[in-house]
Amino acid sequence: MLTGAAGAGKTYVLNQFIQAARDEGKKVTVTATTGLAATHLGGTTIHAWSGIGVLNVLPPRYHESLSKARRETIEKTDVLVIDEISMLHDFRLDMVDEILRKVRGDDRPFGGIQVILCGDFFQLPPINRDDAPQGGFVVTAQVWEALNPVICYLDEQHRQDDDAFLEILNALRSGDIRRRHAEQLLARVKADLTDGQVVTELHTRNIDVDAVNATHLLALGGDNYVYEMETTGKENYVASLKRSCLAVEELVLKEGALVMCIRNSQDKSYVNGSLGTVIGFEEGTDYPRVRLRNGRELTIRPETWELRDGDKKRASITQLPLRLAWAITVHKSQGMTLDAARIDLRKAFVEGMGYVALSRLKRLDTLSLLGINNMALKVSSDALEIEKGLRAQSAAAAEKFAPLLKKATERKAKPAKKSKKTGSTAWAEKLEKMRETYPNAYRPWSKADDDRLQKLFKKKTNLQELSETFGRHPGSIKKRLEKHYGEDVEIK
């Protein structure tokens with residue numbers, strides 16, 4: 001299990017592990033307890049992937065009712081990642097364990113799949129509803145003891161660079177808020193953020209967020225620029241992806257709008273949580289020109305989010321990676337780093353909510369509190385007890401695996417062996433041979449051919465006929481249709 005405080009680098013380490021495992025040829029399934037967290041990692045929810053959905057109890061022989069595709073996905077998985085583990089109920093982890101054992105016919109924990117749990121028990125806990133079974137953190141699950149996970153506790157801090165603020169967060173995390181900490185926070189109530197820039201507000205409820213954003217947008221002059229989301233895949237998968245993603249179906253922008261980037265750009269020009277102001281719109285495309293807080297000006301172009309089920313793509317959505325940022329919820333701020341914020345914790349309703357909100361910031365002087373209640377200063381007493389055990393287990397694991405770490409470091413330091421190359425000549429010969437049968441093999445798809453492909457597919461044209469029509473291998477046709485309709489599209 002990978003754990004540690006907010007800002008310790010859990011997501012970074014997790015992404016490095018996922019890539020390394022895939023480089024070794026392992027089938028890695030990436031899931032999270034919420035759709036939002038799943039999209040940050042390019043995965044799906046553990047509920048959807050395992051097939052438990054919204055069930056609280058598994059019916060007898062439930063695994064036999066799973067689709068063939070679901071069972072095959074589970075059977076082929078080597079590594080299962082579950083992120084934001086603090087929000088998963090103990091009884092649901094047991095449900096996942098039961099399904100995996102039965103589908104794979106293997107009585108080891110999770111059917112023998114290597115399981116990587118990631119999260120921080122001081123952040124948002126499992127939510128218990130009055131009409132559903134009551135559950136706790138996953139450490140009380142029946143499978144936890146049998147799993148006996150190795151604990152990796154990250155204790156370096158990579159977000160806060162303000163010792164006084166870090167002391168407050170650590171005190172909050174340890175349930176040891178003293179009078180001086182409370183006074184420092186109260187001194188930030190309605191504090192003036194003197195840089196003169198409009199900053200994001202964090203609220204605990206969606207209704208407050210929507211009201212703030214609508215009011216600010218309406219107050220701006222100028223024309224509305226509207227961007228509609230594009231989707232591929234079956235409706236149920238698309239709906240699931242929409243619910244789990246920060247991208248909005250209809251994004252309305254104006255010049256002067258405060259916006260937030262909602263994912264990391266591939267060229268590293270912005271990151272998830274970067275704030276900026278719309279300063280204009282690109283001629284010809286109408287894509288927004290945004291001036292980020294660091295002074296950089298750039299055009300924001302559409303990005304694509306995918307709902308993946310193991311190695312299969314089920315759906316995708318394409319939209320500008322922006323949303324209005326005068327206000328967002330505390331829940332949606334998880335995983336973000338904010339340059340500055342006004343935070344309203346007067347309606348905090350669950351332990352850990354105050355810690356999640358405050359830990360988004362780097363420094364105390366970038367915080368302005370709109371208000372705070374007692375609940376915002378509370379963390380779970382269960383989390384405090386769990387924390388002690390995890391730290392001790394992590395220290396023991398570090399000592400146990402020190403020789404392996406030393407070997408890995410030495411191996412990494414050695415120069416890599418030069419791999420044999422087939423050469424461009426061999427590939428050219430192979431391509432020439434391929435094009436004797438499929439003239440358009442590996443040629444780019446034109447928009448006209450793309451449109452024609454979709455029209456013919458809708459007319460029930462079969463795969464072989466499409467292959468002959470477009471001069472491409474049937475596998476290439478299939479991949480192109482999966483791009484448009486998702487990887488579970490039925491192709492005859």
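**Helix 5, a helix pair and His 181**

Author: Helix 5 is mostly covered, with 12 of its 15 residues buried (under 20% relative accessible area, 1.4 Å probe, protein chains only). This is a predicted model, in which local features need pLDDT of at least 70 and side-chain atom pairs count only at pLDDT 80 or more, while totals for chains, interfaces and linings use all residues. Residues are numbered from 1 along each chain, and side-chain values use heavy atoms, without hydrogens and water.

Reader: What covers the buried residues of helix 5?

Author: The cover includes helix 3 (46-50), helix 4 (68-76), strand 4 (79-83) and helix 6 (142-147). Helices (H or I, at least four residues) and strands (E, at least two) are DSSP runs, numbered from the N terminus.

Reader: And what comes just after helix 5?

Author: Gly 105 does, with a positive phi of about 60°.

Reader: New topic: at what angle do helix 16 and helix 17 pack?

Author: Helix 16 (residues 463-470) and helix 17 (residues 474-485) pack at about 100°, and their axes (lines fitted to C-alpha atoms, for helices over the stretch in contact; angles run from 0 to 180 degrees between N-to-C directions) are 9 Å apart. Helix 16 is therefore roughly perpendicular (65 to 115 degrees) to helix 17.

Reader: Is His 181 buried or exposed?

Author: His 181 counts as buried because its relative accessibility is 3%. This residue lies in helix 8 (residues 179-186).

Reader: Which residues is His 181 in contact with, leaving aside neighbours within four places in sequence?

Author: With those neighbours left aside, His 181 is in contact (heavy atoms within 4.5 Å) with Glu 167, Ile 168, Ala 171 and Asp 176. In addition, the His 181 side chain reaches the backbone nitrogen of Arg 178 at 3.0 Å.

Key
Buried means under 20% relative accessible area, exposed over 50%, partly exposed in between (1.4 Å probe, protein chains only). Angles under 35 degrees count as roughly parallel, over 145 as roughly antiparallel, 65 to 115 as roughly perpendicular and the rest as oblique. A polar contact is a pair of N or O atoms within 3.5 Å; within protein, one must be able to donate a hydrogen and the other to accept it, and residues adjacent in sequence count only if both atoms are side-chain atoms.
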